[in-house]
Amino acid sequence: CNWLSERDGIPRDQWCYEPDSKGVYGVGMKIRHDHLSLAGYRIPTEAEWEYICRAGTRTSRPYGSSVDLLHHYGWYFRNAENRAQPVGRLKPNDLGMFDMLGNILEWVEDPVEEADRVREVDDEFPDHAVYRGSGDRHPRGGAFNYPPEFLRSAACIHDPTEYRIATVGFRVARTLPPAP
């Protein structure tokens, strides 16, 4: 996310993540507590992810509730040939977002409630949160090897943040300034 922020010329004081004391991004890195008001790239919150996935609907999927149309919108075990697919080959939702259901699970920022210990305040810099590791988060959206009943807007699982597997990735987000 910081790489994208730098590439796009976003000033460093608007970046959402800071490395640990050794300059490494990982366990010990800092998530600025005011990051939702900053212009830098970040991963979406759980609420943002679900809003974007639902695209204004109240149904279990952005196009309705039926699984009959799922193969037009999401990659799952019946159409993905047991591997991730290039983004944008299926239909987008009404917000123009592709692959919100299926293909690859996407990390969201919020820790699972019982893992709130993951976000602690840094004593030296109280405007920062510190990622301590050993916490669970909700990867959302389902993956290419999931059955259709798991590909729903509200469906989520929880995994430790240290979990690494080919079916989990992320989508980037930004907080845009209010329109004039």
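Where in the chain does arginine 58 lie? In this predicted model, arginine 58 is placed in the loop between helix 2 and helix 3. The protein chain as a whole has three helices and ten strands, and, read along the sequence, these elements follow the pattern α-β-β-β-α-α-β-β-β-β-β-β-β. Of its 180 residues, 44% count as buried, and among the contacts between residues at least 6 apart in sequence, 66% join residues at least 24 apart.

**The loop between helix 2 and helix 3**

- Arginine 58 has a relative accessible area of 83%, and because exposed means over 50%, this residue counts as exposed.
- The C-alpha atom of arginine 58 is separated by 9.1 Å from that of serine 153, although the two residues are 95 residues apart along the chain.
- Tyrosine 63 belongs to this loop too, which runs between helix 2 (46-54) and helix 3, and at 19% relative accessibility tyrosine 63 counts as buried, since the cut-off for that class is under 20%.

**Aromatic pairs and a charge over a ring**

- The structure holds three aromatic pairs, and one of them is formed by tyrosine 63 and tyrosine 73, whose rings are stacked with 4.7 Å from centre to centre and 15° between the planes.
- This stacked pair links distant parts of the chain, given that tyrosine 63 sits in the loop before helix 3 while tyrosine 73 sits in helix 3, ten residues apart.
- Tyrosine 76 and phenylalanine 77 also pair, and because their ring planes stand at 90° with the centres 6.2 Å apart, the arrangement is edge-to-face.
- The two partners of the edge-to-face pair fall into separate accessibility classes, in that tyrosine 76 is buried at 4% relative accessibility, whereas phenylalanine 77 is partly exposed at 44%.
- Apart from the ring pairs, arginine 174 lies over the face of tyrosine 41, at a distance of 5.1 Å from the ring centre.

**The cavity and its lining**

- The structure contains one cavity of 30 Å³ or more, and the space in the largest cavity comes to about 50 Å³.
- The lining of the largest cavity is made up of Pro62, Tyr73, Lys91, Pro92, Asn93, Met97, Phe98, Asp99, Met100 and Leu101.
- By residue class, this lining divides into seven nonpolar, one polar and two charged residues.
- Tyr73 is thus named in two settings, as a lining residue of the largest cavity and as a partner in the stacked pair with tyrosine 63.

**Proline 92, a lining residue**

- Proline 92 lies in the loop between helix 3 (70-73) and strand 4 (105-107), and because its relative accessibility is 32%, proline 92 counts as partly exposed.
- Leaving aside neighbours within four places in sequence, proline 92 is in contact with Tyr73, Met97 and Phe98, and these three residues are also found in the lining of the largest cavity.
- The C-alpha atoms of proline 92 and histidine 72 are separated by 8.9 Å, with these positions 20 residues apart along the chain.

**Other residues of the loop between helix 3 and strand 4**

- Valine 87 has its place in the loop between helix 3 and strand 4, where, at 61% relative accessibility, it counts as exposed.
- Not counting residues up to four places away in sequence, valine 87 touches Phe98, Asp99 and Asn103, and Phe98 and Asp99 are listed in the lining of the largest cavity.
- Valine 87 and methionine 100 are 13 residues apart in sequence, and their C-alpha atoms are 9.9 Å apart in space.
- Asparagine 82 is found in the loop between helix 3 and strand 4 and, although it is not a glycine, has a positive phi of about 60°.
- Asparagine 103 lies in the loop between helix 3 and strand 4 as well, and its phi is near 70°, a positive value in a residue other than glycine.
- Asparagine 82 is exposed, with a relative accessible area of 60%, whereas asparagine 103 is buried, with a relative accessible area of 4%.

How values were computed. Residues are numbered from 1 along each chain as its sequence is written. This is a predicted model: local features need pLDDT of at least 70, side-chain atom pairs count only at pLDDT 80 or more; totals for chains, interfaces and linings use all residues. Side-chain values use heavy atoms; hydrogens and water are left out. On a 1 Å grid over the protein atoms alone, a cavity is a set of points where a 1.4 Å probe fits but cannot get out, and a pocket is an open set with protein on both sides within 12 Å along at least five of seven lines; lining residues have an atom within 4 Å of a point. Grid points are joined across faces, edges and corners, and a volume is the space filled by probe spheres set on the points. Ala, Val, Leu, Ile, Met, Phe, Trp, Tyr, Cys and Pro count as nonpolar, Asp, Glu, Lys and Arg as charged, and the others, Gly among them, as polar. Helices (H or I, at least four residues) and strands (E, at least two) are DSSP runs, numbered from the N terminus. Buried means under 20% relative accessible area, exposed over 50%, partly exposed in between (1.4 Å probe, protein chains only). Contact means heavy atoms within 4.5 Å. Rings of Phe, Tyr and Trp (its six-membered ring) pair if their centres lie within 6.5 Å; planes under 30 degrees apart count as stacked, over 60 as edge-to-face and the rest as tilted. A charge sits over a ring if NZ of Lys or CZ of Arg is within 6 Å of the ring centre and within 35 degrees of the ring normal.
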